[in-house]
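Work through the exercises below with the sequence and the structure at hand. Try each task before reading its solution.

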Amino acid sequence: MQLSSVGRFLLAAIVSLLCLMPVWYYFAPQLAKPVFFMAGEAATMTFPWVQSYDTKESVGVLNTALKVVSVQNGQYRSGKLAPMVDYRLWGYGIVIFWALVIASLPKGWGTKLLIGSLAMLPIQAINVGLQWCNDVFNRAGPEVLAQTRAPEWVADGVAFFYHFNLFIFTALAPVMLWLWLDRAFLAKLHAQARAAAAVHRDPV
């Protein structure tokens, strides 16, 4: 049975995704550097309690002046909050974009692949920033939230956008970017669908 255009596209996208995932995983530390740079600089300029940020391999650490207290073996220990983000857990959207471009092979696909990859970096920086903020405003507890002097509605807003990003936008963003860069592919599918509908409506 011959595959339809949509079927061939989906098969090519899945195969491309499986082949590209190990490549992306290997180069993740290099791809993570500009992402953590943008997220770290934005956090440093936005929040006065952010002191610095560090990057080690694919992990980014936000160093803050916020004090946290923990109990270990019955003893209280204090330190400063330093939320961490692993790029390998959040950066897979760029691989989805690569797979979609390779599957559709638009005109000038190399240029579009480069443009889309660069556009994905600030999107991923937003992902990192949202996880850092959620760790500070929601997961660290009310004592840390009080130190930030942020109202509770800020924590609620961060929680909403964090979960929206986690469950929807991380996977949706590369698809939307691909659709914007390869509108001709959608137009082709739409034309084929209209032709097929016309044949069924007016059989010879």
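**Exercise 1.** Classify Tyr25 and Trp24 in this predicted model as buried, partly exposed or exposed.

*Solution.*
1. Buried means under 20% relative accessible area, and exposed means over 50%.
2. Tyr25 has a relative accessibility of 46%, so Tyr25 is partly exposed.
3. Trp24 has 2%, so Trp24 is buried.

**Exercise 2.** Describe how the rings of Trp24 and Tyr25 are arranged, and do the same for Phe164 and Phe169.

*Solution.*
1. The planes of Trp24 and Tyr25 make an angle of 70°, with the centres 6.4 Å apart.
2. Planes over 60 degrees apart count as edge-to-face, and those under 30 as stacked. The pair Trp24–Tyr25 is therefore edge-to-face.
3. For Phe164 and Phe169 the centres are 6.4 Å apart and the planes 20°, so this pair is stacked.
4. Phe164 and Phe169 also belong to a cluster linked by ring pairs, together with Phe160 and Phe161.

**Exercise 3.** Which charged residue has its end over the ring of Tyr25?

*Solution.*
1. The residue is Arg88.
2. Its charged end lies 4.1 Å from the centre of the Tyr25 ring.

**Exercise 4.** Find the residues that touch the most other members of the largest nonpolar core, then list contacts of Tyr87.

*Solution.*
1. The core has 47 residues, and Tyr87, Phe97 and Phe137 touch the most other members.
2. Helices that each supply at least two core residues include α1 (5–46) and α7 (183–201).
3. Beyond its neighbours within four places in sequence, Tyr87 contacts several residues, among them Trp24, Phe36, Ile94 and Gln124.

Conventions. Residues numbered from 1 in each chain as written. Predicted model: local features only at pLDDT ≥ 70, side-chain atom pairs only at ≥ 80, totals over all residues. Heavy atoms only, no water. Core = buried A, V, L, I, M, F, W, Y, C linked by side-chain atoms within 4.5 Å. Buried < 20%, exposed > 50% of the residue type's maximum accessible area, 1.4 Å probe, protein only. Helix = DSSP H or I, 4+ residues; strand = E, 2+ residues; numbered from the N terminus. Contact = heavy atoms within 4.5 Å. Phe/Tyr/Trp six-rings, centres within 6.5 Å; stacked < 30°, edge-to-face > 60°. Lys NZ or Arg CZ within 6 Å of the ring centre and 35° of its normal.
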